[in-house]
Amino acid sequence: GRRGVDGPRTAFEASEMWGDIDTTKVDLGTLAPRILEAQRQIPVRTARPVYRIENAHDCYIRVLVWDPFRDLLISGGGDGWIRLWSTADHALEDEINARHSVRSLLVLTSSLVSGHNNGEVQIWDMEANGKPRLQHLRLHRECVYALAMLRSGELVTGAENICVFSRGHGGTFELARKIPEDILCACAVPGRSGESQVVTGNMKGVIMVWDTAVSASRDWRLAATCEGHTRSVWALCFVREAGLLASGGADHAIRLWCTETWQCKWELVEHNGWVVGLSCGPGWLLSCSIDQAVRAWDVNRWTCERAFTEHYYEVYCVCAFAGGRFAAGGAEKCIVVYGGPDNGESVSRPPAAMLAGRPDDEGAQDSPELRRRRKDLLANQAREQMPSDTAGGSPLGFGFDGGGGGSSGPSGAPVATAAFGYGGHNGHSGHGGHSAPSYGGSPGSSSPQRQSSPGPDGRRQQQQQQQQ
């Protein structure tokens, strides 16, 4: 392998390695079609919804990831199910009953790691029939939103603290160290010495950079602290082409950090709600927010080239994948796949395994009556899950950092705000159960360039005017 390993251990490493390959100079063998598809840019200016998987889950969809090793789109929902979708025809290939609300997913070469609302981490065998569970880790008390893997092969999980696991003699993960730091997200980035650095974001809006090179006399070392976000940091993503780390927060902002100096270079402020998901594809950074929009940012100019506003409710996750496509999901319980003209005609239908009880007329799926029923169902689910979705002091709702009440849909009705266990309900936070004040922060020592052009938001402005 290019970095002294046989191949990528994670989906992140695969995307990084495959993106660096010059396909005109390297014999790719049987991997050629897959790598070429992974290198295709998203046609942002002409992209449109090409497929809509209705009722992909029975509750909100919290996380979407691409599995490049098996070419699958994987979704994790508040209903406790992990579902595997074909990227060719969007059919349901398989599903895993994880039994607890899924908050994070990490794709490994032959397995899948899932983090849950009750603090559990589960590892699934992706090569065996039935996708059996390989291991069950119970070392956290709070929602596990953070999963990452180092180049050394160590697994990192994060909640009310950071746990680092190394492989034991039997191939299972064993606890190697624990760092007492409360985090909401984590991302592995290449370090200067060839080792991974781990970047974490917390509820105070602070981003921490950890040097993971350890020895008998030294544990993880805090290499840098990045301040600038004024509220909790929910998403991190390494942008390989630009050599920058992107962070998204509850202050509605995206910040771009230089991974050499850890100074903020850009601040992007076009979202009107919490930025809770980030994903990087060739040439573009994708962001999603509870403002119901997905935005595409040009990684060379850091301008928002387009906003995608096809969702009726909050968008919790976005994922770029092969073929110049991306997918998004959230409170609406559906997965919307976007692509260019060569990705086929726009189609909307439920997966075959979930057809029971659906109307015969496909055109009725987006009728006002069905949207009203779906909105009522989402609100009921948010209320019904309250007793079971508060494990470890992580309450429901996330409409505000410390205020009351959750967010609401286009007509003001509450929607499924259980996807985030931090803030919004009875003034508690998701980690530790403490009150969640609105933290004021000052930017770092650099002066980031601020991007705040109006952007392509005409449809959303019309909707807001109609509501008023």
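Me: In the largest nonpolar core, which residues touch the most other members?
Reply: This is a predicted model. Its largest nonpolar core has 31 residues. The ones that touch the most other members are I42, W234, L286, V294, F308, V318 and F326.

Me: Which element gives the largest share of this core?
Reply: Several elements give two or more residues to the core: β23 (284-289), β24 (294-298), β26 (315-321), β27 and β28. The largest share is 4 residues. That share comes from β26.

Me: What other core lies apart from it, and how many residues does it have?
Reply: Another core lies apart from the largest one. Its members include V239, I254, L278 and C304. Its residue count is 17.

Me: Is F326 buried or exposed?
Reply: Buried means under 20% relative accessible area. F326 falls under that cut-off, with a relative accessible area of 0%. F326 is therefore buried.

Me: Which residues does F326 touch, leaving out those up to four places away in sequence?
Reply: F326 is one of the core residues that touch the most other members. Its contacts include I42, L286, V294, F308 and V318. The others are C319, A320, F321, V336, V337 and Y338.

Me: How many aromatic pairs does the structure hold?
Reply: Rings of Phe, Tyr and Trp pair if their centres lie within 6.5 Å. On that basis, the number of aromatic pairs in the structure is 7.

Me: Is the pair of Y145 and W234 stacked or edge-to-face?
Reply: The ring centres of Y145 and W234 are 5.2 Å apart. The angle between their planes is 90°. Planes over 60 degrees apart count as edge-to-face. So the Y145 and W234 pair is edge-to-face.

Me: Why does the pair of Y145 and W234 tie together parts apart in sequence, and how many residues apart are they?
Reply: Y145 lies in the loop between β9 (133-137) and β10 (146-149). W234 belongs to strand β18 (residues 233-239). The pair therefore ties together parts whose separation in sequence is 89 residues.

Me: Are Y145 and W234 buried or exposed?
Reply: Y145 has 9% relative accessibility. W234 has a relative accessible area of 3%. Y145 counts as buried, and W234 is likewise buried.

Me: Is the pair of F326 and Y338 stacked or edge-to-face?
Reply: F326 and Y338 sit 4.5 Å apart, centre to centre. Their planes are 10° apart. Planes under 30 degrees apart count as stacked. The F326 and Y338 pair is therefore stacked.

Me: Which strands hold F326 and Y338?
Reply: The pair links distant parts of the chain, 12 residues apart. Y338 is buried, with a relative accessible area of 0%. F326 is in strand β27 (residues 325-330), and Y338 is in strand β28 (residues 335-339).

Me: Which residue makes a polar contact with the side chain of W234?
Reply: The contact is between side chains, at 3.2 Å. The partner is in the loop between β17 and β18. It is buried, with a relative accessible area of 0%. The residue is S232.

Me: What separates the C-alpha atoms of G228 and P448?
Reply: G228 is found in the loop between β17 and β18. G228 is buried, with a relative accessible area of 6%. G228 and P448 are 220 residues apart along the chain. Their C-alpha atoms are separated by 9.7 Å.

Me: Which strands stand at the edges of the sheet, and why is one side of each left without a neighbour?
Reply: The sheet is open and antiparallel, in the order β14-β15-β16-β17. Each edge strand has a single partner strand, so one side lacks a neighbour in the sheet. The edge strands are β14 (185-190) and β17 (221-226).

Me: Which residue stands opposite A188 in β15?
Reply: β14 and strand β15 (residues 196-201) run antiparallel. They are joined by 6 bridges. Opposite A188 stands V198.

Me: Why is strand β2 largely enclosed by the rest of the structure?
Reply: β2 spans residues 61-67. It is largely enclosed because its buried residues number 7 of the 7.

Me: Which residue takes a positive phi in the hairpin of β2 and β3?
Reply: β2 pairs with strand β3 (residues 72-77) in the antiparallel sense over 6 bridges. The hairpin has 4 residues between the strands. The residue with a positive phi, near 55°, is D71.

Definitions and conventions
Residues are numbered from 1 along each chain as its sequence is written. This is a predicted model: local features need pLDDT of at least 70, side-chain atom pairs count only at pLDDT 80 or more; totals for chains, interfaces and linings use all residues. Side-chain values use heavy atoms; hydrogens and water are left out. Buried means under 20% relative accessible area, exposed over 50%, partly exposed in between (1.4 Å probe, protein chains only). Two strands pair if DSSP finds at least two bridges between them. Rings of Phe, Tyr and Trp (its six-membered ring) pair if their centres lie within 6.5 Å; planes under 30 degrees apart count as stacked, over 60 as edge-to-face and the rest as tilted. A polar contact is a pair of N or O atoms within 3.5 Å; within protein, one must be able to donate a hydrogen and the other to accept it, and residues adjacent in sequence count only if both atoms are side-chain atoms. A nonpolar core is a set of buried Ala, Val, Leu, Ile, Met, Phe, Trp, Tyr and Cys residues joined through side-chain atoms within 4.5 Å. Contact means heavy atoms within 4.5 Å.
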